[in-house]
Structure formats: C-alpha cells, structure tokens
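Biologist: Please take a close look at one part of this model, the open sheet, and place it in the context of the rest of the protein.

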Amino acid sequence: MDSNPRDNTVSSRIQIGPQLADESLEKGKITSSTNDLVKPFTEACHSEAANVPFDRFTGPKVYHSPKLWHLRVSVIEAEHIMPGHRGPELVRFPEFVIKVQVRNFHLSTAIAAPSSTRSFSNPFWNEDLLFAVDEPFVDSLQVTVQDRIQSDNEIVVATGKVLMDTIEKRVDERPVTSSWFNLESHHGKSGDKNKASTRFVPRIHLRVFLDGGYHVFDEVKMNNSDHLIGVLYMKILGARGLEPVQIKDTIGEEQPVTIAYCVAKYGQKWCRTRNVVDSLSPEWNEEYSWEVYDLCTVVTIGVFYDRRIIENVDDDDEEASSDDCIGKVKIRLSILDTDRTYTHSYPLLIMLPSGVKRTGEIHLSTRLSCSNVSNMLLRYTMPLLPMMHYAEPITEGQRINLTNQAKSLLVSRLSREEPPLGRKVVEYMLEDDMWNLRISKANFYRMMGVGSGLFAMFRLLNEIRNWQKPAHLILFIVIVVTLMMHPKLIILAYILYIGLAGLANYRCRPRHPPGIDARLSQAEGSHPDELDEEFDTIPTTRPDDIVRMRYDRLRTIAGRIQTVVGDLTSLLERLQALVNWRDPRATTLFLVFCLVSAFASYVVPIRVLIALFGMYWLRPPWFRSKSPPLALNFFRRLPSKDDCFF
C-alpha cells in the first residue's frame, strides 16, 4: 500500500490537518465544524483501488443530521361527525377515534367518551399527539376520523389535511391558539352524496404547532447549547488486525476481500473516512473537528466493511447493500483533559449470536481544546436539557416514540446521501433501548459494584461490633468519643473524609479514555440462548417451543423481581402501620415508647444517651443473645397489606 502513489498523495494532503489545528490553537482561534480539516480530492479516495469501478469511489464525506422538531397535535373536539353505520337494525353509540399521520408515522387518540351534555356527533378528546419531523417541511398532516364498529372494523367517516409549511412555530412556553379545520365527509356513494349527511360540513378543533424548544432524542440525552466551550479534534489514524470478508468471484471461488472505512459521530455531525482496499491494517490519517457545547456527551467511532463495493450490489437493494459492522468505540468528552493529545489503540468488539468477538483494534488521536474555561465549568451547573423539558415535560412513552421516529428520519435522510450511510450503519452508531437479558444482568452487576463500598462498610462495622478486629475497635471508640466531645467536628470530619478519598483516588485515575468493556457488558459469559434472543427480531422468528421456553424464563425472572418489590413494599407498609392503627396493640406500644423516649431525651443529655447506646451496641459477644433484637421482632410482627391480595 505504501508503494501506491495515489495513496501517498492522499495521506500527504490529509496530514496537513494536525498542523492547521495546532496553529489555530496557538493563536486562540476556534475552527468551525463546517470548515473541515480534511478536503482531499474526491478522485483520490481508494488505496490500491485499481480494480474498483470509478462510479463506486467512496471518499471522505461529512454528513449533517437534519434539524428535528416536535410536531404537537392537540385534538380537542369535532363537530357534525356522522357515525359510520346508521342502519335501522342496529342502535349503537358511535366510537369515534382520530388518527393522525405524518409520513409513515401515525398515532391515534382514545375513543371519545360519551357525555350527557354533548351530542354524539360532537365528540370530545382533548389529547396531545407528538411527532418528530425534519426540515424542510414539505409534507402534510393527514387527519382521519374513524368510527370503530368492532375491534377489527373501523370505518372512515371524514378526512382532512393540513400543510406543514403553514403550521405555526414556537421555541418557548407561549400559548398557541387553536383553530377549526374543515373535513371531507365520506358518507354517500361516489357521485351521489347523501344530502342529509352533508348538510353541515364536519370540522375538527385542533391546536397544531411545531415545537422547537425540545431536544429530539435520536440517541442518548445530549444538551444543545448556544455557548461554545471548545472544539474536539480527532485524528483517525488506522486499524489493525481486521479480518477479510469471504466473497465468491466470477468463477464461484471464495476470495478474501477487505474494504474498510470508519464513521465518527458527535452531535449532529457525521464523518466518514475514505475506503481502504485490500488491507487488514488500513491507515486513514484523517482528522475531523466538532464544536463542543457540553462535555457530558459522547463521541462514537465505528468501523465497517463496505459491502456495497465488495459484492458490487445495487444501492436500491437495502438488505444486500448493508455494510458489515466491525466494532465501535465510545469516548466521553468529560474524561478528556483540555489541550492534551490522547493517542491510544482501542479494541474493536462486536456481539454475535456465538458470543463476543474481537475483530481488531482502532488507533485514534483525540484532543479537546477549550476556548473559555469559565463557560466550561459553568456548564456543570446548568440543566442537561432545554428548559421546555422541565416546563412542559413529556412522558416516557412519548419520549420512546419520538426517539424511534427520529431514528427513522435520520436513517431515511442519510441513506439518500452520496455516498449513502445505510440503515444498519446508522442504527449501529446510535444507542438501542431494546431490552435483552444480557444488559439487564450487566445493569444489576453495575448496581452491585456501586454498592460494594457500602456493603464493605457494613461488614467492617459488624466485625468491629463482634470484636473480631481489636485495633479497628479501639480506633472506632476513639473517633466516636472525640466526635461526642466535639459535635461540631462531625460534618467537618465527613467532608474531610470525602475529600481525602477523592485525593487518594487521583493516582488511580484513567490515563486514557476507556473503550468498550466486554466484562462490564456481561458479554463473555452469556448463555448462547440469551445471545440468540438478543439478536431475534420483533416479531419473533423463532420456533414456538423456543419462544415458550423464553417466556417461561421471563416469567421466572419477573417473579423474582415481583418478590423483591413486594418485600420492599411490605417494609414500607410496616413503617406506616406504626401510626395508622391497623394493629391497635402494636400502635399503642409504639406510642408509649415514643412518649418514654421523648421524656428520657429531655431529662438525660444527648451525649449520655449516645454513650449508653454505643456501650450497648459494642458490648462483648458473650453478653449477647443469639435471638434477633426485640425491636426487630416487634417490627416483623407489624401488619402489611399482603393479606388483601387475591
């Protein structure tokens, strides 16, 4: 590859990027994200690409995600709506439903509830429907009124259309006025309208506006601010240890082929490197830059095989032209020190139905420049999301629906670019909220890891209480007595302990940004059936016996979670039972104890009470009984609401 003059020309042109970046940083200038540092000739896009057709050339490309808005449709009411079935043999109250469609996305309201103050032809809903739409607004909003005769039989009674470019926009909390829109009735045969049903024109009352005050999620939560705090420079150096793809040539023999490229995404900007042909250790040496508005964000880098060129398939064949994923790396910007260059190799891991597989490693050079330190530190005190998320919050169900719509819009837009980014590439680069057992186990072990310090402290206190560590016992008594004699030192000692713990952990800080952790993701010890379930589609394509087995396993796991939630609820209900007189005798005993404790705390100094309690808690083990404490026995006998279940 080094002997190819074309590749040398591209590399020499691309290596100018770091010099320009360093010069701009020394002068205190910030390079705009739209002025990319990499601008090689579009013809010099392949290394050793003599056998690649010219129309298949794929060079470096920068993509920008479309501007996404929330389209809020508030369905209030309708007038002069005739039911779908008006035969004399059937008397029924109509069940009107509003269906709103934007492109391929459609949402429906609930059935209009009957009211004694309104006619059945004037249904009332007052529901909000949220859509994710992208600029430019050239589509229309389709409104359909349906009468649900049965669960599987809905008759369209009226339709309407609202042009997107006529809809009002807002970016704050100001109220938007509602409007009445005329509908087209669907009663009567074609060419012979029923005059009785069209005497009054049906219309619908809507509040429709484009809401730009929200952040439309297409992956993890990320704030978009107007205050620039720095620029991220990333140089994609190359990859090593890639595996070739086996394809069949014209005579039917399998030949190893490798055409690899890299995709980097941060915020609304996507960057794709040029293709490198027939190299298991491709070298790109391309640098890109992103404007940074918040450090609590993540940049994602993925490596892919260009199957579109390998197999010379048609771009219209989405399934055949989907590129193969090699692996990806995610780097959190808050881990990076400002104005420091990190050059490190990250392993490329990918999950397969057979388990986790290491497909190589990628070599990256990352640098975060800072234009204003005060703005950077101030960002830590500002809300993570725009204010509209807190002034008028959306529900979790709406957020999930909007995220799916935003992903579909992004896939549709990037797949029409040249060169296109396929659906598989975009979905792999974005976060996936799909449930699987492996991630659930990983989250459980993460929670146990976070609480390991607290559990270790409880074990140490139990060992001190049982006199298993005499040195720790003496030190504990000295600390407790000192704090009792000087109560003002309690808060000071706690804050000082946290500060010293942070200073002690400074030497264990990460030297470079961490990559994908297979052990943390529970990818190494996963059962084959769990991995097969993870790669299954929705709806499932597995046989009935496998689906039944997985359903039974899911019921078992849900039963365990149900037991834990029930035990926690019973614990809280027993705390309430101390004062709600569900057990009159237990509540009487507790109130008497409260009165005696209040009198004792008034008469006896608090330091004496703490000393007495400490002496009782640290009494020698041979003065203790093996039975549970009296207070625990009393608490376990308090009633809960478990006996009220079926």
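Modeller: Of the 646 residues of this protein, 38% count as buried. The model is a predicted one. Its secondary structure comes to 16 helices and 23 strands. Among contacts with a separation of 6 or more, 73% are between residues 24 or more positions apart. The accessible surface is about 38,000 Å², and carbon and sulfur atoms hold 58% of that.

Now the sheet itself. Four strands make it up, in the order 19-13-23-22, and their pairing is antiparallel. The edges are taken by strand 19, residues 283-292, and strand 22, residues 341-352. Each of these has a single partner strand, so one of its sides has no neighbour in the sheet. From one strand to the next, the twist averages 30°. As a general point, the strands of a sheet pair through backbone hydrogen bonds, in either a parallel or an antiparallel manner.

Within the sheet, strand 13 (residues 230-240) runs antiparallel to strand 23 (residues 355-370), and 10 bridges join the two. One position can be followed across this pairing: L232 has L368 of strand 23 as its bridge partner.

For context, the nonpolar cores come next. The largest one has 41 residues, and the members that touch the most others in it are L71, V73, F131 and L141. Two or more residues each come from strand 3 (68-79), strand 4 (96-102), strand 5 (105-108), strand 6 (124-134), strand 7 (140-150), strand 8 (153-163), strand 12 (203-211) and helix 6 (396-414). With residues up to four places away in sequence set aside, L71 touches V102, L129, L130, F131, V133, L141, M164, I167, V208, F209 and L210. A second core, separate from this one, has 36 residues, with A239, L242, Y266 and Y305 among them.

That leaves the cysteines. A disulfide is a covalent bond between the sulfur atoms of two cysteines. The structure holds 0 disulfides. Two cysteines can be set side by side by their accessibility. C325 has a relative accessibility of 14%, and it counts as buried because the cut-off for that class is under 20%. C508 has a relative accessible area of 54%, and it is exposed because that class begins over 50%.

To return to the part you asked about: the sheet is open, with antiparallel pairing in the order 19-13-23-22, and strands 19 and 22 stand at its edges.

Methods
Residues are numbered from 1 along each chain as its sequence is written. This is a predicted model: local features need pLDDT of at least 70, side-chain atom pairs count only at pLDDT 80 or more; totals for chains, interfaces and linings use all residues. Side-chain values use heavy atoms; hydrogens and water are left out. Two strands pair if DSSP finds at least two bridges between them. Axes are lines fitted to C-alpha atoms, for helices over the stretch in contact, and angles run from 0 to 180 degrees between N-to-C directions. A nonpolar core is a set of buried Ala, Val, Leu, Ile, Met, Phe, Trp, Tyr and Cys residues joined through side-chain atoms within 4.5 Å. Buried means under 20% relative accessible area, exposed over 50%, partly exposed in between (1.4 Å probe, protein chains only). Contact means heavy atoms within 4.5 Å. A disulfide is a pair of cysteine sulfur atoms within 2.5 Å. Accessible areas come from the Shrake-Rupley method with a 1.4 Å probe; for residues, only the protein chains shown count as cover.
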